[in-house]
Amino acid sequence: SENYSNVVIPIDTRTVPETGYVDVPLSIYAHASLPNGCWSNIRFFFLEKEEFVYELFSLADFASNGPCPDIVVTNDTLLVFQPTAAGDYVIVTWLSQNSNELDTIKVEVITPER
């Protein structure tokens with residue numbers, strides 16, 4: 001039998017806003033799917049790596065005692081964070097242990113209307 005915990009799995013869909021405002025919550029959508037029922041427990045993590053840099057990744061567990069059930073296992077999440085300063089926020093989305101893609105969110109201060 002094969003058992004693996006905390007395997008980095010690809011995030012296959014994500015929606016990252018291009019712009020935002022200081023102190024206004026931003027939403028990032030992420031979805032992952034795996035090809036068979038030996039996979040379980042898909043979960044998402046969104047961590048601040050350094051100022052203006054966040055990492056988005058997904059982990060799952062794999063357990064097999066023979067043939068894997070022929071079902072697709074999926075999960076998704078809506079992550080919310082509130083930028084506290086103006087600037088370019090980089091979201092690093094991991095697609096595997098050593099490949100990622102970058103999205104940038106331009107965050108500015110809301111200017112009060114005169």
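These notes cover a histidine and a disulfide in a predicted model.

1. His31 belongs to strand β4, which spans residues 26-34. The relative accessibility of His31 is 19%, and because buried means under 20%, this residue counts as buried.

2. The side chain of His31 makes a polar contact with the side chain of Asp12, at 2.8 Å. Asp12 also appears among the residues in contact with His31 once neighbours within four places in sequence are set aside. That list further includes Ile11 and Thr13, then Phe44, and finally Thr74, Asn75 and Asp76.

3. The structure has one disulfide. The bond is between Cys38 and Cys68, with an S to S distance of 2.1 Å. The torsion about this S-S bond is about -100 degrees, so the disulfide is left-handed.

4. Where do the two cysteines lie? Cys38 is in the loop between β4 and β5 (39-50), while Cys68 is in the loop between β6 (53-64) and β7 (73-81). The pair therefore ties together parts that are 30 residues apart in sequence.

5. Are Cys38 and Cys68 buried or partly exposed? Cys38 counts as buried because its relative accessibility is 7%. Cys68, at 28% relative accessibility, counts as partly exposed.

6. Strand β4 links the two topics of this note: His31 is in the strand, and Cys38 is in the loop between β4 and β5. Both His31, at 19% relative accessibility, and Cys38, at 7%, count as buried.

Terms used:
Residues numbered from 1 in each chain as written. Predicted model: local features only at pLDDT ≥ 70, side-chain atom pairs only at ≥ 80, totals over all residues. Heavy atoms only, no water. Helix = DSSP H or I, 4+ residues; strand = E, 2+ residues; numbered from the N terminus. Buried < 20%, exposed > 50% of the residue type's maximum accessible area, 1.4 Å probe, protein only. Polar contact = N/O pair within 3.5 Å; in protein donor to acceptor, adjacent residues only side chain to side chain. Contact = heavy atoms within 4.5 Å. Disulfide = S-S within 2.5 Å.
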